[in-house]
Amino acid sequence: MERSTTKFITFTAICSFLGALTTAFLIFVPSVNSQGLEAGAMLHSNTLYLSKLWVLFVHPQVNFIAFLGVAYLLYKKHQFLVILGTLGLSVWAYTEMSQQALLIDALNQFWRPGYLEATSSVDKEMYRTLIIGSSALSDSKYFLVIYSFGLGSLLFGFAFNSESGLGKLISVSLIFIGVLSLGSFARFYLGLTQINEVVDWLYQQVYSYLQPAIRVVIGLWLLMKLKKENSTRVEVT
């Protein structure tokens with residue numbers, strides 16, 4: 001591989017390792033819960049709550065970059081799957097970033113402080129409406145997030161199916177993650193509540209540990225493919 005390509009693949013592998021850290025942080029660090037509008041408005045100054053929003057903003061960026069490295073290496077074998085998978089994950093990354101931008105900026109820098117500082121009932125009610133409406137806006141973005149992430153993961157899982165070793169493990173894992181994500185989409189937005197118990201159990205007992213682990217494995221696979229490609233090039237020359 002050319003030096004620039006080697007640097008690119010190495011960078012994407014590093015991003016995959018970073019993605020494992022952001023994933024683990026988001027899954028295992030407890031969320032800050034609040035009851036009622038007043039308590040919720042106070043979250044705009046809660047460090048842990050805001051930290052999770054910022055990690056959620058960075059999280060899709062590093063993981064999408066990691067998959068650009070995967071796409072580069074698998075494109076020649078599986079153009080169709082890689083193109084559609086990359087499209088799905090690009091929609092996921094952009095939408096999740098925009099979702100967190102809404103929550104970080106509009107909700108927690110304008111609407112919640114405005115609600116707490118409002119001196120008139122009219123202003124108070126205006127901010128109250130905006131805060132309540134932000135949940136619906138965020139959820140509509142999550143509609144796209146979980147669908148496009150599930151679809152992109154599934155397609156890349158199929159693309160990895162022709163690989164051996166770590167690639168085969170990644171294939172099975174991504175197919176599982178993709179199906180589970182699309183299952184969640186179905187139960188949340190298509191009314192398939194019958195699968196709630198199974199999906200919840202899989203998220204808690206399998207997904208929580210598999211997702212950060214597979215990010216590490218993808219990073220290792222990228223480095224191993226890079227080493228193999230460079231070794232092959234040396235032998236040819």
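Here are some exercises on this predicted model, each with a worked solution.

Residues are numbered from 1 along each chain as its sequence is written, and side-chain values use heavy atoms, with hydrogens and water left out. Local features need pLDDT of at least 70 and side-chain atom pairs count only at pLDDT 80 or more, while totals for chains, interfaces and linings use all residues.

**Exercise 1. The overall fold**

Work out how many helices and strands the protein chain has, and what its C-alpha trace spans along the principal axes.

Solution. Start with the element count: there are 7 helices and 0 strands. Here helices (H or I, at least four residues) and strands (E, at least two) are DSSP runs, numbered from the N terminus. Reading along the sequence gives α-α-α-α-α-α-α. Next, the extent: the C-alpha trace spans about 75 × 45 × 30 Å along its principal axes. Then burial: of the 237 residues, 44% are buried. Buried means under 20% relative accessible area, exposed over 50%, and partly exposed in between (1.4 Å probe, protein chains only). Last, look at contacts, meaning heavy atoms within 4.5 Å. Among contacts with a separation of 6 or more, 77% are between residues 24 or more positions apart.

**Exercise 2. Helix lengths**

Check the end-to-end distances of H1, H3 and H6 against the expected spans.

Solution. The yardstick is 1.5 Å times one less than the number of residues. Take H1 to begin with: its 26 residues reach 38 Å from first C-alpha to last, close to the 38 Å expected. Now H3, residues 47-74: its 28 residues should span 40 Å, and the end C-alpha atoms are 41 Å apart, which agrees. Finally H6: 24 residues should span 34 Å, and the ends sit 34 Å apart, which also agrees.

While you're at the helix ends, have a look at two of them. Asn46 caps the N-terminal end of H3, with a side-chain oxygen 3.2 Å from the backbone nitrogen of Leu48. H6 is followed by Gly191, whose phi is positive, near 80 degrees.

**Exercise 3. The cores**

Find which elements give two or more residues to the largest nonpolar core, and which of them gives the largest share.

Solution. A nonpolar core is a set of buried Ala, Val, Leu, Ile, Met, Phe, Trp, Tyr and Cys residues joined through side-chain atoms within 4.5 Å. The largest has 35 residues, and those with the most contacts inside it are Val70, Phe156, Ile170, Trp221 and Leu222. The elements giving two or more residues are H1 (3-28), H3, H4 (79-117), H5 (121-159), H6 (166-189) and H7 (196-236). H7 takes the largest share, with 10 residues. Zoom in on Ile170: not counting residues up to four places away in sequence, Ile170 touches Phe160, Ile214, Val217, Ile218 and Trp221. There's also a second, separate core of 12 residues, including Ile104, Leu107, Trp111 and Ile131.

**Exercise 4. Aromatic rings**

Classify the pair formed by Phe188 and Tyr189, then say whether each residue is buried, partly exposed or exposed.

Solution. A pair of aromatic rings is described by the distance of the centres and the angle of the planes. Rings of Phe, Tyr and Trp (its six-membered ring) pair if their centres lie within 6.5 Å; planes under 30 degrees apart count as stacked, over 60 as edge-to-face and the rest as tilted. Phe188 and Tyr189 come out at 6.2 Å and 75 degrees, so the pair is edge-to-face. Phe188 is partly exposed at 43% relative accessible area, and Tyr189 is partly exposed at 24%. Both belong to one aromatic cluster with Tyr142, Phe143, Tyr147 and Phe185. The structure holds 13 aromatic pairs.

**Exercise 5. Ser98 in H4**

Decide whether Ser98 is buried or exposed, and find what its side chain reaches.

Solution. Ser98 sits in H4. Its relative accessibility is 19%, so Ser98 counts as buried. Now the polar contacts: these are pairs of N or O atoms within 3.5 Å; within protein, one must be able to donate a hydrogen and the other to accept it, and residues adjacent in sequence count only if both atoms are side-chain atoms. The Ser98 side chain reaches the backbone oxygen of Thr95 at 2.7 Å. A second polar contact, of 3.2 Å, joins the side chains of Ser98 and Lys141.
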